[in-house]
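Student: I am new to this structure and would like to know what the terms used for it rest on. Could we take them one at a time?

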Amino acid sequence: MKVNDTYEVRIIDNDINGNGIARINNFVLFIPFCLKGEEVLIKVVDIKKSYAFCDLVNIIKPSLDRCDSVCAFYESCGGCNFLHTNYDYENFIKKSNLERMFGYNIEYYSAEDDLFYRNKATFHVKDGKLCYYNASSHKPCFINECKIANEKINYFVNYLSGFNLTGIFEVMFRVISGKVMVNFICNESYDIKSIINEDFDCVYVNNEHFFGEEYLIDKVGRFKFSIYPNSFYQVNPEGMKVIYNIAKKYAGKGDKLLDLYCGTGTIGIWLSKNFNSAVGYEINESSIKNAIINKELNNINNIEFVLGNASSVKGEYDVIVVDPPRSGLSKEVREFLNSSSARRIVYISCNPFTLQRDLKCINNYNISSFSAFNMFPRSGHVECVVLLEIKKE
Ligand SMILES: C[S@@+](CC[C@H](N)C(=O)[O-])C[C@H]1O[C@@H](n2cnc3c(N)ncnc32)[C@H](O)[C@@H]1O
C-alpha cells in the first residue's frame, strides 16, 4: 500500500469520531464521511504501521442513513464529523462505540439541540478574513456560518467580514446569557476601535479588558456564573445542567468534597449544598478569579478555591469529582486517587480514550454507574460521567 493508491472498499464499521472503518489484508483504514455498509472509493493519504488514513473519493453505494450535510463547509472545515448522517444515527454510533470500549451498559442521553448550540467559537485570520483552520490539514476554511455556533456568533462573523482584518491573528467570541464577549489577539497597531460593534457587550484586546463589561454572567438553573475570556466554561449551556445533575446524583451527600480541575468552580458550587465543605482546585488563574466571584455571587460559604496543579493535590476527602482536560489525569493524580480513602469518585470526561486509560489505573475502585451525554452534537466528541466506588476489603 502506498500514499495516493486508490481502492474500492466496503465500510465494516464506524468509530466514535464518525470515521468509516475498512480493512485491506491486515491494514485498518480510517475514512471520514463514511457510514457502515457503504461501498466507497478511497485514496490513501497517511500510512502507519498497521493502519492508514484515507480520503473519501466517491460513494459507490450509499447507506440509507446517509443524508445531505446542512453545512456548505462541512468537508473542508473539519469541525464536525457527523453531518453526513442524521442525529439519531450519530447517537447510535457514539453509544455503541462507548459500550464496546468499556464493556458496560451505558445510560446515554443526547442534547436536544444538535445545531447552533456552542456558546464559544475561535476564528483565525487569513488574508484579512475570518476562518477556521482544518484540524488535520491545517488549511484555512473561510466560512460565513458555523452550523453548531450560536446564531449571534454567526451574526458577528458576517459583520466582521465587512472589514480587512489583516493585523488580527485570532478572534474569540462567546455568547453568555444573550450577551457577546469578544477577545481580539492582534498587532498593537491594529485599530480595534474601527471594527467595534455597539452590540459587543465585553471586548478584550490581547487578553486585556478594552471596552464594556469586565466579565459576563451566565444564569444556569438557580446559579449565576461569571466568566472572563480566558476562563474555562462549558460550551453547551444546556448540556452543562445535564452533566452537573448526573454528577450531583453520583456524588450523593457527604462530609468533604474535592472538585479537582474545577474551572470557574461551577461543579463544586452546584454540589455544595450536599456537603459540609468543599475545595476546588484549578491551575488557570483567570478561572480561579471567576470561581471566587462565583462563590460570592451564589452566597456559598462552605467552599474554598485553590490555585494549583492537580498533580500536587493532597488531603483526604469523602467524595472526589475530577473533570480533567482531554489529556486526562496525570500519573500523580491517578496515584492520588488510587491511594485515597474517598468513598466515591465521579470522573467526568470529554475524551473516552484517556478515560479508558485512567480507569484501568484506578484499580482500588469499581465502576458502579456509567452515563454518557452527547454534549457536542455533530462533532466527534462526547461527554462521559462515571461513578467509581471504593472496593470493600
Ligand atoms: C474540562 S475543564 C473542567 C472545568 C470545570 N469542571 C467545568 O465544568 O467547567 C478542565 C479544567 O482543568 C484545568 N486544568 C488543566 N490542567 C490542570 C492541572 N494540571 N491542574 C489543575 N487544573 C488543570 C483547566 O484549566 C480547565 O479549567
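Tutor: The questions below go through the ligand site, a buried aspartate, some salt bridges and a few loop residues.

Tutor: This is a predicted model, in which local features need pLDDT of at least 70 and side-chain atom pairs count only at pLDDT 80 or more, while totals for chains, interfaces and linings use all residues. Residues are numbered from 1 along each chain as its sequence is written, and side-chain values use heavy atoms, with hydrogens and water left out.

Student: What makes a residue count as near the ligand, and how many residues surround the ligand?

Tutor: A residue is near a molecule if one of its heavy atoms lies within 4 Å of it. The ligand is surrounded by 17 residues, and Gln234, Tyr244, Glu282, Ala310 and Asp323 are the closest.

Student: Why is the pair formed by the ligand and glutamate 282 called a polar contact?

Tutor: A polar contact is a pair of N or O atoms within 3.5 Å; within protein, one must be able to donate a hydrogen and the other to accept it, and residues adjacent in sequence count only if both atoms are side-chain atoms. An oxygen atom of the ligand is 2.6 Å from an N or O atom in the side chain of glutamate 282, so the pair is a polar contact. A ligand nitrogen is 2.9 Å from an N or O atom in the side chain of aspartate 323. For asparagine 309, the distance from a ligand nitrogen to a side-chain N or O atom is 3.0 Å.

Student: What is said of aspartate 218, and where is it?

Tutor: Aspartate 218 is in strand S15, residues 216–220; strands (E, at least two residues) and helices (H or I, at least four) are DSSP runs, numbered from the N terminus. Aspartate 218 is buried, where buried means under 20% relative accessible area, exposed over 50%, and partly exposed in between (1.4 Å probe, protein chains only). A salt bridge is a side-chain nitrogen of Lys or Arg within 4 Å of a carboxyl oxygen of Asp or Glu. Aspartate 218 has none, and lysine 219, the nearest side chain of opposite charge, is 7.3 Å away. Its side chain does make a polar contact of 2.7 Å with serine 177, and another of 2.7 Å with tyrosine 233.

Student: Why is the pair of aspartate 358 and arginine 334 called a salt bridge?

Tutor: Their closest N and O atoms are 3.0 Å apart, which is within 4 Å, so the pair is a salt bridge. Aspartate 358 is in helix H8 (residues 352–361) and arginine 334 in helix H7 (residues 331–338), 24 residues apart. Both residues are buried. By this rule the count comes to 16 salt bridges.

Student: Why is lysine 2 called exposed?

Tutor: Lysine 2 has a relative accessible area of 54%, which is over 50%, so lysine 2 is exposed. Its side chain meets that of aspartate 5 in a salt bridge of 3.4 Å, N to O.

Student: How do you know whether tyrosine 261 is buried or exposed?

Tutor: The relative accessible area of tyrosine 261 is 17%, under 20%, and therefore tyrosine 261 is buried. Tyrosine 261 lies in the loop between strand S17 (254–260) and helix H5 (266–271). Its phi is positive, about 70°, although it is not a glycine.

Student: Why is asparagine 206 called partly exposed?

Tutor: Its value of 23% lies between 20% and 50%, so asparagine 206 is partly exposed. Asparagine 206 also has a positive phi, of about 50°.

Methods. Lys and Arg count as positive and Asp and Glu as negative; His and the chain ends are not counted.
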